[in-house]
Amino acid sequence: MSAVPQPRDNRTVRFLDRDFARFSVQNNLYCVPIDVDDEYRQKELNRIFRDVLQDRVVLAPNFPPPGVEEPQVLECGVGKGAWIEDLLEGYEHCEVTGVDIYFGQGGEDDEDDEDDEDDEGDEERDEEAVQEFTKKIWNLNAPFRDDRSSSRIGRERFDLVNSRLLMDGINTDRWPSYVNDLYQVLKPGGWLQMVELELKFQSDNVSASLGQDVRSNVQSHIEAVSLWPFAGALPPAQGRMTVAQYQALLLGAQTQLQDDSLRLYYDL
């Protein structure tokens, strides 16, 4: 059994008016805000994905599988549930399990939420979503076989596995075994789909440039992924930027994003 830490509650940390999951910042894992502003960013990014993928939520050529009335679906990296909501709008009979390290509301109400660890496997039902799904709190840097709870995710269980936007949440050396773990939980003939961003900005391409809606989302994304790593610390640590230094750096990056002469673009 690995020594990978696992979240036990939904407590948060507030820094420069943004909320972060305490587990994330304590373990240097997906140090991205979990507040309302980031929910909006994620929904906008989900819409951009829908546009790029021509409104295809499921990329499998034959879904649901023939003869399967209630497909079993696993999503890794739920966030605020935008992909699950889209899935259930088109495939309402799916039974969905969502895995993430945080399922709070992203505010002060979560800070005293210490009773979650009393729930075996930290599994609960999402009562506020359009349709409910099963929540599983789990750090995906650990294999599913390490889970000893009754809610553990077993082998050959799912018809579809969706993994999305986990580049900040999965350690570099974990990726090969992570992909293998996802393969192991698929039923024979099941489908694994994975979507990640490659935020490698390039310029001076006359055939491509960032659209305004993408540019706005990238601007929010840069702030979301950089605020805590560059300026935050728990407790305060040497070597981090001051708030003024960070804000100056962010302003410079955002100004360049708006410079059409650079013809910035990146691949999806």
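**Tyr-178.** I started with Tyr-178 and asked whether the residue is buried or exposed. Tyr-178 comes out at 1% relative accessibility, so I put it down as buried, the cut-off being under 20%. Note to self: this is a predicted model, so every value here is computed from it.

Next I checked where Tyr-178 sits. Tyr-178 and Trp-175 are both in helix H4 (residues 175-184), 3 residues apart, which puts about one helical turn between them. That fits the textbook picture: an α-helix has 3.6 residues a turn, so residues three or four places apart point the same way.

**Aromatic pairs.** How many aromatic pairs does the structure hold? I get 5. I looked up Phe-20 with Trp-228: their pair is tilted, with 5.3 Å centre to centre and 50 degrees between the planes. Phe-20 belongs to strand S2 and Trp-228 to helix H5 (residues 212-231), so this pair ties together parts 208 residues apart in sequence. Both Phe-20 and Trp-228 are buried. Then back to H4 for Trp-175 and Tyr-178: the ring centres are 5.5 Å apart and the planes stand at 85 degrees, so I logged the pair as edge-to-face. I also found one aromatic cluster made of Phe-15, Phe-20 and Trp-228.

**The S1/S2 hairpin.** Phe-15 sent me to the strands. S1 (residues 12-15) pairs with S2 (residues 18-21) in the antiparallel sense, over 4 bridges. Which residue in S2 is the bridge partner of Phe-15? I found Arg-18 there. The two strands make a hairpin with 2 residues between them, and Leu-16 in the turn has a positive phi of about 50 degrees.

**Asp-19.** An acidic residue in strand S2 caught my eye, namely Asp-19. Asp-19 has a relative accessible area of 6%, so I count it as buried. What does its side chain touch? I see a polar contact from the Asp-19 side chain to the side chain of Arg-14, at 2.7 Å.

**Cysteines.** I searched the whole structure for disulfides and got 0. Cys-31 is at 8% relative accessibility and counts as buried. Cys-94, also at 8% relative accessibility, counts as buried too.

**Helix H3.** Last stop was H3 (residues 82-90). Its buried residues include Trp-83, Ile-84, Leu-87 and Leu-88, and Asp-86 is buried as well. What covers them? My list includes helix H2 (36-52) and the strands S3 (72-76), S4 (95-100), S7 (158-164) and S8 (186-195).

Technical notes:
Residues are numbered from 1 along each chain as its sequence is written. This is a predicted model: local features need pLDDT of at least 70, side-chain atom pairs count only at pLDDT 80 or more; totals for chains, interfaces and linings use all residues. Side-chain values use heavy atoms; hydrogens and water are left out. Two strands pair if DSSP finds at least two bridges between them. A disulfide is a pair of cysteine sulfur atoms within 2.5 Å. Buried means under 20% relative accessible area, exposed over 50%, partly exposed in between (1.4 Å probe, protein chains only). Contact means heavy atoms within 4.5 Å. A polar contact is a pair of N or O atoms within 3.5 Å; within protein, one must be able to donate a hydrogen and the other to accept it, and residues adjacent in sequence count only if both atoms are side-chain atoms. Rings of Phe, Tyr and Trp (its six-membered ring) pair if their centres lie within 6.5 Å; planes under 30 degrees apart count as stacked, over 60 as edge-to-face and the rest as tilted.
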